[in-house]
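Grab a coffee and work through a few exercises on the chain shown below. Each one has a task, followed by a solution in steps.

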Amino acid sequence: MNLVAVMGAFNKGHGKCDCGKCKCDQGWYGDACQYPTNCDLTKKKSNQMCKNSQDIICSNAGTCHCGRCKCDNSDGSGLVYGKFCECDDRECIDDETEEICGGHGKCYCGNCYCKAGWHGDKCEFQCDITPWESKRRCTSPDGKICSNRGTCVCGECTCHDVDPTGDWGDIHGDTCECDERDCRAVYDRYSDDFCSGHGQCNCGRCDCKAGWYGKKCEHPQSCTLSAEESIRKCQGSSDLPCSGRGKCECGKCTCYPPGDRRVYGKTCECDDRRCEDLDGVVCGGHGTCSCGRCVCERGWFGKLCQHPRKCNMTEEQSKNLCESADGILCSGKGSCHCGKCICSAEEWYISGEFCDCDDRDCDKHDGLICTGNGICSCGNCECWDGWNGNACEIWLGSEYP
């Protein structure tokens, strides 16, 4: 608090400021000449004027004088203040250092606002990552910090909505990107009326059951097919409707994500994203993609046309590059070609630079690794643009059609 400014505001008309102290006019007293010597209010009326929003007189942190609160600052610290003594900056004092906010922040009405790199109720903890990295981790797919629905502390978002039961609140997600309120026809946090009762809420977006459509699954869909017939038509030769990459409606597939021409086919069976590496290069720049499979140019081979058939290094040089840290060639699960490991095709789940990764460790959803919406990279799902979640099961892009 700026004591001079406060005094100037209070003693206007009731005294003069002399060297930082108020000299009160006759009939007034107090540090800022805010209290009249004589009061024409009844005690009941005075106390009524001193009650805070919870009907507590001077917040139990002061006494009432003629309708005005005199805060308890007997030690002269001035840490208790406010119209109703509602601000107590003693709450900001660190018990160990006895400093306000541990010396790493500022106190406003009993709450610490920490400097960058510090957090905690008293700014007592220092982040182990840089402010830039913290901001990067908290940035949601739409470029906002915690989706403008939470607070970023050391790279982790605390969403503004927290369910008191300890379960997910209406707002959740690593960057508070999911808002379940968007799935309710009429918002009531204690109601389970998600998606009008005709669908499942997935990160604030309704996935409607067969026979229903609309943003909240509120519209019935006229279809002459039964649910079983519809799904059967959408399956084709796949085990899942629309190959797990689309939505089945009345026997027809709408492929996800909407508008992405790389996912196509009657049952969304073609996924040309599978021809891309993590940098988005198609077939290593040495082939073309056909329904999710690379057709390599002459002189190249491999799942992504990443291996040249000719090699300009000796067998010894090649093997030296294929040895893992334990000295085993391609971890014993592949062969070496021109300094690169080619993992065993019989064990489809083996991957990695030295065939040291097991893609079965990647999370599944609907029976598909990474839900078919990302690449399994050494046991972790690397999701394609627009997808999120441990198994890339959450679509964050534009609404489904």
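## Warm-up: Cys253

Cys253 is buried, with a relative accessible area of 18%. Here buried means under 20% relative accessible area, exposed over 50% and partly exposed in between, with a 1.4 Å probe and protein chains only. A quick note before going on: this is a predicted model, where local features need pLDDT of at least 70, side-chain atom pairs count only at pLDDT 80 or more, and totals for chains, interfaces and linings use all residues. Residues are numbered from 1 along each chain as its sequence is written, and side-chain values use heavy atoms, with hydrogens and water left out.

**Exercise 1.** Work out which strand holds Cys253 and which residues Cys253 touches.

*Solution.*
- Step 1: find the element. Cys253 sits in strand 22 (residues 252–255); helices (H or I, at least four residues) and strands (E, at least two) are DSSP runs, numbered from the N terminus.
- Step 2: list the contacts, meaning heavy atoms within 4.5 Å. Not counting residues up to four places away in sequence, Cys253 touches Cys234, Cys242, Lys247, Lys266, Thr267 and Cys268.
- Step 3: check a distance. From Cys253 to Ser74 it's 75 Å, C-alpha to C-alpha, with their positions 179 residues apart in sequence.

## Two more strand residues

**Exercise 2.** Do the same for Tyr29 and Asn380.

*Solution.*
- Step 1: Tyr29 belongs to strand 3 (residues 28–29) and counts as partly exposed because its relative accessibility is 31%.
- Step 2: leaving out residues up to four places away in sequence, the contacts of Tyr29 are Cys24, Gln34, Tyr35, Pro36, Thr37, His65 and Lys70. Gly15 is 14 residues from Tyr29 in sequence and 9.0 Å away, C-alpha to C-alpha.
- Step 3: Asn380 is part of strand 36 (residues 380–383). Setting aside neighbours within four places in sequence, Asn380 contacts Cys362 and Ile375. Asp361 is 19 residues off in sequence, yet 7.3 Å from Asn380 between C-alpha atoms.

## A helix with two faces

**Exercise 3.** Which residues of helix 3 are buried, and which exposed residues does the face turned away carry?

*Solution.*
- Step 1: in helix 3 (residues 131–138), the buried ones are Glu133, Ser134 and Cys138.
- Step 2: these lie on the same side of helix 3 because they cover an arc of only 130° around the axis, the arc being that of the directions from the helix axis to the C-beta atoms.
- Step 3: flip to the face turned away from the buried side, and you meet exposed Trp132 and Lys135.
- Step 4: ask what does the covering. Strand 13 (150–153) and strand 14 (156–159) are included in what covers the buried residues of helix 3.

## Positive phi

**Exercise 4.** Place Ser196 and Cys305 in their loops, and say whether each is buried or partly exposed.

*Solution.*
- Step 1: Ser196 isn't a glycine, but has a positive phi of about 55°. The loop between strand 16 (178–179) and strand 17 (199–202) holds Ser196, which is partly exposed at 22% relative accessible area.
- Step 2: Cys305, also a residue other than glycine, has a positive phi near 50°. Cys305 is in the loop between strand 27 (300–301) and strand 28 (307–308), and is buried at 0% relative accessible area.

## Empty space

**Exercise 5.** What lines the largest cavity, and which domains supply at least three residues each?

*Solution.*
- Step 1: set the rule. On a 1 Å grid over the protein atoms alone, a cavity is a set of points where a 1.4 Å probe fits but cannot get out, and lining residues have an atom within 4 Å of a point. Grid points are joined across faces, edges and corners, and a volume is the space filled by probe spheres set on the points.
- Step 2: the count is 1 cavity of 30 Å³ or more, and the largest has a volume of about 40 Å³.
- Step 3: its lining consists of Cys208, Lys209, Ala210, Gly211, Trp212, Gln221, Lys247, Cys248 and Glu249. Strand 21 (residues 246–249) gives the largest share, 3 residues.
- Step 4: domain 2 (135–159 + 171–219) and domain 3 (223–268) each supply at least three lining residues; domain bounds come from an automatic or database domain assignment. The centres of these two domains are 25 Å apart, taken over C-alpha atoms.

Conventions
On a 1 Å grid over the protein atoms alone, a cavity is a set of points where a 1.4 Å probe fits but cannot get out, and a pocket is an open set with protein on both sides within 12 Å along at least five of seven lines; lining residues have an atom within 4 Å of a point.
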